[in-house]
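I opened a fresh page for this one. My plan is to jot down what I look up, entry by entry.

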Amino acid sequence: MRKGRAKRREVLPDPKYGEVLVTKFVNNLMKNGKKNKAFKIFYESLEIVAKKTGEDGLEVFKKALANVTPQVEVRSRRIGGATFQIPTEIRPERKMSIGMKNLILFARKRNDKGMAAKLASEILAAYKEEGGAFKRKEDIHRMAEANKAFAHFKV
């Protein structure tokens with residue numbers, strides 16, 4: 001790059017809980033710049049979660065996000081004509097980003113009525129260590145474990 005590194009944008013905390021994590025999640029959830037709608041969906045899904053579990057919805061969400069956040073990933077590296085899958089540690093921002101995106105992706109694939117209900121059921125599934133997003137994390141870890149022999153190549 002000619003100009004150097006891009007500046008990190010500061011993410012403001014959300015209006016209801018005052019959490020930066022919530023705003024980042026809502027930014028990933030948002031489509032076509034409709035942030036208000038994304039916030040409504042998220043808050044509604046947290047209310048559904050709180051109603052079903054009897055616990056604080058935000059705490060359940062944080063635990064669910066921690067459950068679907070991978071610690072390692074595999075990266076492809078070409079060495080001498082062969083392509084190896086090399087397991088590497090993930091930096092913290094990317095971990096969170098991957099976890100959020102998987103949670104949203106598998107929530108969208110669910111068969112519930114309305115996005116809030118879909119997201120709520122995926123959060124509950126992740127909290128109980130089941131569901132699509134948790135399975136994706138397990139698959140990522142399994143691949144990294146299987147390719148541990150190539151870890152010495154490093155990217």
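**Entry 1: α5**

I began with the buried residues of α5, and my list reads M115, A116, K118, L119, A120, S121, E122, I123, L124, A125 and A126. That makes eleven of the 13 residues in α5, so I noted the helix as mostly covered, going by the cut-off of under 20% relative accessible area for buried. I should say here that I'm working from a predicted model.

What sits over those residues? I found α1, α2, α3, α4 and α6 among the elements covering the buried part of α5.

I also checked the length of α5. Its end C-alpha atoms are 18 Å apart, and 18 Å is what 13 residues should span at 1.5 Å a residue, so the two agree.

**Entry 2: just past α5**

Right after α5 I ran into E129, whose phi is positive, at about 60°. E129 is not a glycine, and I made a note of it because most residues other than glycine have a negative phi. E129 belongs to the loop between α5 and α6. Is E129 buried or exposed? I got a relative accessible area of 46%, so E129 goes down as partly exposed.

**Entry 3: another positive phi**

N32 gave me a phi near 55°, again positive in a residue other than glycine. I located N32 in the loop between α1 and α2, the latter running over residues 35-53. With a relative accessible area of 77%, N32 counts as exposed, the cut-off for that being over 50%.

**Entry 4: α4**

Next I looked up α4, which covers residues 92-109 and has 18 residues. From first C-alpha to last, α4 reaches 26 Å, close to the 26 Å expected. I wrote down its buried residues as K95, I98, G99, M100, N102, L103, I104, F106 and A107. The cover over them includes α1 (20-29), α3 (57-67), the strand β1 (72-79), α5 (115-127) and α6 (132-146).

I then picked L103 from α4 and asked what it is in contact with, leaving aside neighbours within four places in sequence. My list has F25, F61, L65, V68, E122, I123, A126 and A133. Among these, E122, I123 and A126 are also on my list of buried α5 residues.

**Entry 5: the core**

Which residues have the most contacts inside the largest nonpolar core? I noted F25, F42, F61, L103 and I123, in a core of 30 residues. The elements giving two or more residues to this core are α1, α2, α3, α4, α5 and α6. A general reminder to myself: in soluble globular proteins, nonpolar side chains tend to be buried together.

**Entry 6: stepping back**

I left the overall picture for the end. I have six helices and two strands, and reading along the sequence I get α-α-α-β-β-α-α-α. The C-alpha atoms fill a box of roughly 55 × 40 × 25 Å along the principal axes. Of the 155 residues, 37% are buried.

For contacts with a separation of 6 or more, I found that 60% come from residues 24 or more positions apart. The accessible surface comes to about 10100 Å², and carbon and sulfur atoms hold 50% of it.

My last look-up was charge. The protein has 36 positive and 18 negative charges, and I put the mean positions of the two sets 10 Å apart.

Key
Residues are numbered from 1 along each chain as its sequence is written. This is a predicted model: local features need pLDDT of at least 70, side-chain atom pairs count only at pLDDT 80 or more; totals for chains, interfaces and linings use all residues. Side-chain values use heavy atoms; hydrogens and water are left out. Helices (H or I, at least four residues) and strands (E, at least two) are DSSP runs, numbered from the N terminus. The expected span of a helix is 1.5 Å times one less than its number of residues. Buried means under 20% relative accessible area, exposed over 50%, partly exposed in between (1.4 Å probe, protein chains only). Contact means heavy atoms within 4.5 Å. Accessible areas come from the Shrake-Rupley method with a 1.4 Å probe; for residues, only the protein chains shown count as cover. Lys and Arg count as positive and Asp and Glu as negative; His and the chain ends are not counted. The place of a charge is taken as NZ of Lys, CZ of Arg, CG of Asp or CD of Glu. A nonpolar core is a set of buried Ala, Val, Leu, Ile, Met, Phe, Trp, Tyr and Cys residues joined through side-chain atoms within 4.5 Å.
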